[in-house]
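Here is a friendly walk through a protein model, with charged pairs to begin with and the nonpolar core to follow. Keep the 3D view open as you read.

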Amino acid sequence: MIHCKIKHFATNRFIYTTFIYAHNDGKKRKALWKDLPALSVGVKEWIFLGDFNVVRSSDEKLSSGPPCIKDMRDFNKCLPSCNLDDIKTMGLEYSWSNN
């Protein structure tokens, strides 16, 4: 992860931005779930961008195999502990194609 504090000079306000590329292995993502809540202490405006390599619910899974319920549970427990909400996708879901 890369964690930044960005200042908007016109308004003198700050927004924290965290860029995530989580590990593919659920066991190795556990450290991320432990670190993120500590970053949220005292933060009013915060956005995450990136790839968590886990889905929040089984209906988000696009590949053939079933999602790992334990990995989903760990991710879903982390978000509220950081005071974060999942913003639903609007518009096109994909920006590229292999075709």
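How many salt bridges does the structure hold? This is a predicted model, and it holds five salt bridges. Three of them are set out below.

| Salt bridge | Closest N to O | Relative accessible area |
|---|---|---|
| Lys-30 and Asp-74 | 2.8 Å | Lys-30 31%; Asp-74 15% |
| Arg-56 and Asp-86 | 3.5 Å | Arg-56 27%; Asp-86 34% |
| Lys-70 and Asp-74 | 3.7 Å | Lys-70 41%; Asp-74 15% |

Let us start with Asp-74. Its side chain meets that of Lys-30 in a salt bridge, with N and O 2.8 Å apart. Because Asp-74 sits in helix 2 and Lys-30 in helix 1, this pair ties together parts that are 44 residues apart in sequence. Asp-74 also forms a salt bridge with Lys-70. Here the partners are four residues apart in helix 2, so about one helical turn separates them. Taken together, Lys-30, Lys-70 and Asp-74 make up a network of salt bridges.

Is Asp-74 buried or exposed? Asp-74 is buried, because its relative accessible area is 15% and the cut-off for buried is under 20%. Its two partners are partly exposed, Lys-30 at 31% and Lys-70 at 41%.

The salt bridge between Arg-56 and Asp-86 links distant parts of the chain, 30 residues apart: Arg-56 belongs to the loop between strand 3 and helix 2, and Asp-86 to the segment after helix 2. Arg-56 is partly exposed at 27%, and Asp-86 is partly exposed at 34%.

Now for the nonpolar side of the picture. The largest nonpolar core contains 15 residues, and Ile-20, Trp-33, Leu-36, Phe-48 and Phe-52 have the most contacts inside it. At least two residues of this core come from each of helix 1 (26-39), strand 3 (46-51) and helix 2 (69-81).

Which residues does Trp-33 touch, leaving aside those up to four places away in sequence? They are Phe-52, Val-54, Asp-74, Phe-75 and Cys-78. Asp-74 thus appears once more, as a contact of Trp-33 and as a member of the salt-bridge network.

Finally, two loop residues deserve a look at their backbone. Asn-12, in the loop between strand 1 (2-8) and strand 2 (13-21), has a phi near 65 degrees, a positive value in a residue other than glycine. Asn-53 lies in the loop between strand 3 and helix 2, and its phi is also positive, near 55 degrees. With 26% relative accessibility, Asn-53 is partly exposed.

Conventions: Residues numbered from 1 in each chain as written. Predicted model: local features only at pLDDT ≥ 70, side-chain atom pairs only at ≥ 80, totals over all residues. Heavy atoms only, no water. Core = buried A, V, L, I, M, F, W, Y, C linked by side-chain atoms within 4.5 Å. Buried < 20%, exposed > 50% of the residue type's maximum accessible area, 1.4 Å probe, protein only. Contact = heavy atoms within 4.5 Å. Salt bridge = Lys/Arg side-chain N within 4 Å of Asp/Glu carboxyl O.
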